[in-house]
Amino acid sequence: MGNRENWVDYAKAIGIILVVYGHVARGLYKGGIDFSASLYQLFDSVVYSFHMPLFFFLSGLFFYKSFSKKGASKLIFSKIDTVFYPYVIWSVLQGGVEALLSNYTNGNVSLNEVFSLLWSPRAQFWFLYALFSIFVLLSVIYSLVSSRFTLIIFICSIVLYLYPSLLPQGFIFGFVSSNSVFFILGIVFTMYAKIEYLLSLTVLVGLLVAFVASQWFFHDYLSYQYTDKGVESFLLACISIAFVVSVSLFLSRTNYRFIAYIGSSSMAIYLMHILAGSGSRVVLYKFFGVDSVLVHLILGCLVGIISPIIALFLINKFNAKYLLSAPVSYWCIKSYNKLLYRTS
């Protein structure tokens, strides 16, 4: 795997930039700003065909190492603190703001929708909901079987991706069937892949050609959209992820540390970029009358990335880290132990 800073942060940076672009572009299109429908739909489908599978893949890279070190219970507790807690806090914060300012935004969010977060995640927070569910599921699975079964688990996840009807509909099952395969792909990659093979310039060029060709084949030749799940979408996502990994390995050889810093700040950006990007659109359009798609895209993406980074700096400076994570599991265990002591 090599040092995490050597390439994973670059891959996260690519992923989070695509996330911000996707949400800014969708906000513009839904807001009625003049945006070529054909170009919007093509770019939207290309981005959504792999950017979230990429994040699940990157999350899976370090799963088994953490599981081996902490065990199932400690790993799950740590993800309550760093994944589920920010999911709850920011679902309420962003949802509350959207509900209060619904007259100025594209959505019509009700407080009832906001507080349905335990069974119905909304907006970008579905990723954290799904990620936590997959962490719990795989922690349980690997506490029952050894790592020798990883390839079998991976094959089972592919089957569930291709045939989601094998699981009950609704709640977390759809998230698991659609995304666990890419998380487990990260585990497989860590265990079996020879990352040095991706450092070749020939491989990088070959993956670039494969990326362009597979995207063309999927979107133009087959006329599919990212929502069309099947063998084609799975292979497309895998090729795209391999291309991003190769690009990230080459970027890691440079001194573009700001790109890596964007990647290391990807959680904060993911949590805050909707508020920042939407605010940029509202200010530009409602107050200054700017209707240029290009201006909105550039400024919206810049604000969506830079504002959360500034907020992260202030959070660290003023020791307000509870906005991003908190020892919830510690509080729960401590309270439980106190209760046991009082009743004993």
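**Helix H13.** I looked up the span of H13 in this predicted model. At 1.5 Å a residue, its 25 residues should span 36 Å (the expected span is 1.5 Å times one less than the number of residues), and its end C-alpha atoms are 36 Å apart, which agrees. I took helices as DSSP runs (H or I, at least four residues) and strands likewise (E, at least two), numbered from the N terminus. Among the buried residues of H13 (under 20% relative accessible area, 1.4 Å probe, protein chains only) I noted Val-293, His-296, Cys-301 and Pro-308. Asn-319 follows H13 and has a positive phi, near 55°.

**Basis.** I number residues from 1 along each chain as its sequence is written. Local features need pLDDT of at least 70 and side-chain atom pairs pLDDT 80 or more, totals for chains, interfaces and linings use all residues, and side-chain values use heavy atoms, without hydrogens and water.

**Whole chain.** I found 14 helices and zero strands in the protein chain. The radius of gyration, taken over C-alpha atoms, is 21 Å, close to the 20 Å that the globule rule (2.2 Å times the number of residues to the power 0.38) gives for 344 residues, so the chain is as compact as a globular protein of that length. The C-alpha trace spans about 65 × 50 × 45 Å along its principal axes. Of the 344 residues, 45% count as buried.

**Contacts.** I considered contacts (heavy atoms within 4.5 Å) between residues at least 6 apart in sequence, and 80% of them join residues at least 24 apart.

Terms used:
Buried means under 20% relative accessible area, exposed over 50%, partly exposed in between (1.4 Å probe, protein chains only).
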